[in-house]
Amino acid sequence: MKALSKWVAIVALTSLSFGVFAQSDPTAPLGYEAPSKATKTKTYRLPRLDAILCGGNNACSAVINGRSVSKGQSINGYFISAIHDNSVTLKRGERHWSLTVFNEQVVQ
């Protein structure tokens with residue numbers, strides 16, 4: 001009976017020790033605070049303007065990422081606020097972007 005109670009005591013003490021974890025690193029220097037975990041911000045890729053199509057009545061539409069869109073629509077979370085004959089203005093939150101056709105060929 002003594003052996004059984006000794007075995008039960010050992011099992012109970014070892015199982016309790018698994019639940020105890022240090023709240024801070026005991027080997028860290030005094031006053032050290034671990035850096036807070038960085039929050040990941042989601043980045044949205046700016047859409048690609050493929051073409052701008054304007055009709056006779058100055059109503060323009062655009063082809064963005066291979067999809068035909070018009071003013072007031074949204075694509076990939078970007079709101080199309082204006083379409084001109086040479087640029088498209090996008091809005092997301094308080095930020096604005098102006099996309100132009102052939103912008104890779106512009107030399108400054």
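Me: Is D50 buried or exposed in this one?
Reply: Neither extreme. This is a predicted model, and in it D50 has 30% relative accessibility, so D50 counts as partly exposed. The band for that label lies between 20% and 50%.

Me: What does the D50 side chain meet?
Reply: R48. The two side chains form a salt bridge, at 2.6 Å from N to O.

Me: And R48, buried or exposed?
Reply: R48 is partly exposed, because its relative accessibility is 48%.

Me: How many salt bridges does the structure hold?
Reply: One. The pair is D50 and R48.

Me: Switching to backbone. What is the phi of N65?
Reply: About 55°. That is positive, and N65 is not a glycine.

Me: Where is N65?
Reply: In a loop. Strand β2 (60–64) lies on one side of that loop and β3 (67–69) on the other. N65 has a relative accessible area of 32%, so it is partly exposed.

Me: What about N76, what's its phi?
Reply: Near 50°, again a positive value in a residue other than glycine.

Me: Which loop holds N76?
Reply: The loop between β4 and β5. N76 is partly exposed, given its 48% relative accessibility.

Me: OK, sheets. What's the strand order in the open one?
Reply: β4-β5-β6-β7. That makes four strands, with antiparallel pairing.

Me: Which strands stand at the edges?
Reply: β4 (74–75) and β7 (95–100). Each has a single partner strand, so one side of each has no neighbour in the sheet.

Me: How many bridges join β6 and β7?
Reply: Six. The two strands pair in the antiparallel sense, and β6 covers residues 87–92.

Me: Which residue of β7 stands opposite S87?
Reply: T100.

Me: Confidence next. What's the average pLDDT for the chain?
Reply: It averages 79. Of the residues, 79% score at least 70.

Me: Which element has the lowest mean?
Reply: Helix α1, residues 2–18, with a mean pLDDT of 67.

Me: And the highest?
Reply: Strand β5, residues 78–83, at 93. β5 also belongs to the open sheet, where β4 and β6 flank it in the order.

Me: Back to the loops for a second. Which loop has N65, and which has N76?
Reply: N65 is between β2 and β3. N76 is between β4 and β5.

Notes:
Residues numbered from 1 in each chain as written. Predicted model: local features only at pLDDT ≥ 70, side-chain atom pairs only at ≥ 80, totals over all residues. Heavy atoms only, no water. Pairing = 2+ DSSP bridges. pLDDT = per-residue confidence, 0-100. Buried < 20%, exposed > 50% of the residue type's maximum accessible area, 1.4 Å probe, protein only. Salt bridge = Lys/Arg side-chain N within 4 Å of Asp/Glu carboxyl O.
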